[in-house]
Structure formats: C-alpha cells, structure tokens
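Please walk me through this model. Start with how far it can be trusted, then turn to its folds and contacts.

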Amino acid sequence: MPSPPTTGSGTGRGFPGCCWAEGRLDDAIAVAEPGFGWYDCSNLLAPLVHPLLDRPEELLYLVEHPRVVPHHGHEEFQHWWRAWALAGLGRVDEAITVAGLDRPWTDPRLVKADLLRRAGRLDAAADELRALGTIRAREELCEVLVLQGRADEAIAVHPTVAEQRVAEPKPEPVPLGDNGYSLEPPF
C-alpha cells in the first residue's frame with residue numbers, strides 16, 4: 001500500500017474529518033471504515049471524499065486504499081472520484097478510461113470534456129464540447145471559455161434561456177376525466 005500523501009493540511013471538521021484535518025488520513029480511514037459500505041446518508045466515505053476533491057493525490061490514496069469500499073448501491077461514485085483524482089494529477093487518459101466504467105445517465109463525451117478541463121487541457125475540452133453542440137455542452141463550453149479568459153466568446157456560445165427551456169424534457173400529459181381531475185392516481 002502506498003504511503004499517505006503529506007501535502008495539504010485539510011480543513012475537515014468533526015468525525016472523521018478531525019483526523020485528516022491534522023494530516024492523519026490513515027487514521028481518518030480507520031475511524032470511518034465501519035461506515036464505508038453503508039447506504040447513502042449513513043455512509044462515512046463521502047464526508048472524507050468531498051473535502052479532498054481539490055487535493056487529487058490524497059483523494060486517489062483514499063479511493064484506492066484497500067479498506068475503502070464503495071457506497072452500497074452506488075458503486076459508480078468510487079469510479080467517478082478515482083477518475084476526478086487521476087485527471088487532477090494530469091493522468092487524463094487513465095481518468096477517461098475509469099470514467100467509462102460508469103455514469104450511464106450522462107453523455108460520456110461530456111464526462112471526457114470535464115476530465116480534460118480538470119487536467120488543465122482547456123483547448124481539448126473546448127474542442128470536445130464544440131463537437132457536441134448540445135445545450136449542455138454549450139453551457140460547459142461557456143465555463144471553459146471563461147477559464148481561458150475568453151468572456152466575449154463565452155457569452156456568444158452560451159445558450160439562451162429560450163433554448164434551454166426548449167431542451168428541457170417535458171412531462172407526459174396526464175389523461176383527465178370529465179370532472180377535470182387526473183384519471184391516474186398521484187402515487
């Protein structure tokens with residue numbers, strides 16, 4: 001097992017963040033380990049991960065630690081966190097491969113562009129987003145262009161409110177009875 005990173009002082013508060021706030025990531029892992037596999041609200045992995053999103057070396061150490069197990073029913077989060085850490089370390093090709101393991105609910109090209117942006121490859125991220133041309137891609141492209149200091153171009157490419165509204169999925173109409181109320185139960 002690799003030794004824990006020593007960079008960064010941490011800003012975590014409370015349990016188990018108190019341990020890594022003092023630079024004791026291994027202690028924080030040991031304290032939180034019994035709660036790693038629990039479902040959502042009781043899971044203690046997320047409170048360790050979120051403050052480390054800006055510290056990729058420590059985040060990668062955490063998610064690759066042998067005692068860390070993914071959320072029950074949400075294993076995809078561990079892949080996303082690992083991909084985010086790898087991109088932050090400049091290992092974007094590896095991050096893109098890892099990100100391809102999950103996230104079926106989003107366009108993998110958006111994920112790739114996000115990881116390229118995270119790795120500091122803003123031109124490559126902008127090229128990916130331009131090629132997509134979707135409303136979501138244009139919103140992301142706007143952010144990348146702002147990071148590049150190209151505000152005028154960012155404003156021009158950002159979708160209008162009308163375009164965003166048209167792109168929103170519309171709910172299916174509900175059949176109504178003679179009395180004007182829905183024929184389908186509310187639950």
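What is the mean pLDDT of the protein chain, and what share of its residues reach 70 or more? The mean pLDDT is 79, and 74% of the residues reach 70 or more. Here pLDDT is the predictor's confidence in each residue, from 0 to 100.

This is a predicted model, in which local features need pLDDT of at least 70 and side-chain atom pairs count only at pLDDT 80 or more, while totals for chains, interfaces and linings use all residues. Residues are numbered from 1 along each chain as its sequence is written, and side-chain values use heavy atoms, with hydrogens and water left out.

**Confidence**

Confidence is lowest in helix 1 (residues 17–21), at a mean of 52. It is highest in helix 10 (residues 151–157), at 96. Over residues 6–15, pLDDT stays under 50. The model has 21 contacts beyond four places in sequence for residues 6–15. A contact means heavy atoms within 4.5 Å. Where pLDDT is low, the predicted coordinates should not be read in detail.

**Overall build**

The protein chain has 11 helices and zero strands. From the N terminus on, its elements run α-α-α-α-α-α-α-α-α-α-α. Helices (H or I, at least four residues) and strands (E, at least two) are DSSP runs, numbered from the N terminus.

Of the 187 residues in the protein chain, 37% are buried. Buried means under 20% relative accessible area, exposed means over 50%, and partly exposed lies in between (1.4 Å probe, protein chains only). The chain exposes about 11,100 Å², and carbon and sulfur atoms supply 57% of that area. Accessible areas come from the Shrake-Rupley method with a 1.4 Å probe; for residues, only the protein chains shown count as cover. Among contacts with a separation of 6 or more, 46% join residues 24 or more positions apart.

**The tryptophan pair**

The structure holds one aromatic pair. Trp80 and Trp84 form it, and they are stacked: 5.5 Å centre to centre, with 15 degrees between the planes. Rings of Phe, Tyr and Trp (its six-membered ring) pair if their centres lie within 6.5 Å; planes under 30 degrees apart count as stacked, over 60 as edge-to-face and the rest as tilted.

Both residues sit in helix 5 (residues 76–88). They are four residues apart, so about one helical turn separates them. Trp80 counts as partly exposed because its relative accessibility is 24%. Trp84 counts as buried, at 16%.

**Three valines**

Three valines can be set side by side.

| Residue | Relative accessible area | C-alpha distance to a partner |
|---|---|---|
| Val31 | 31% | 9.3 Å to Leu44 |
| Val92 | 2% | 8.6 Å to Lys112 |
| Val98 | 7% | 9.0 Å to Leu86 |

Val31 is in helix 2 (residues 25–32). Its relative accessible area makes Val31 partly exposed. Val31 and Leu44 are 13 residues apart in sequence.

Val92 lies in helix 6. Val92 is buried. Not counting residues up to four places away in sequence, Val92 touches Leu86, Leu115, Leu116, Ala119 and Arg121. Lys112 is 20 residues from Val92 in sequence.

Val98 lies in helix 6 (residues 92–99) too. Val98 is buried. Leaving aside neighbours within four places, Val98 is in contact with His79, Arg82, Ala83 and Leu86. Val98 and Leu86 are 12 residues apart along the chain.

**Helix 7 and the pocket**

In helix 7 (residues 108–118), Leu110, Val111, Ala113, Asp114, Leu115 and Leu116 are buried. Just after helix 7, Gly120 takes a positive phi of about 85 degrees.

The largest pocket has a volume of about 160 Å³. It is lined by 13 residues; the closest to its centre are Leu110, Val111, Asp114, Arg136 and Glu140. Helix 7, helix 8 (122–132) and helix 9 (135–147) each give two or more residues to the lining. Helix 7 supplies the largest share, five residues.

On a 1 Å grid over the protein atoms alone, a pocket is an open set of points where a 1.4 Å probe fits, with protein on both sides within 12 Å along at least five of seven lines; lining residues have an atom within 4 Å of a point. Grid points are joined across faces, edges and corners, and a volume is the space filled by probe spheres set on the points.
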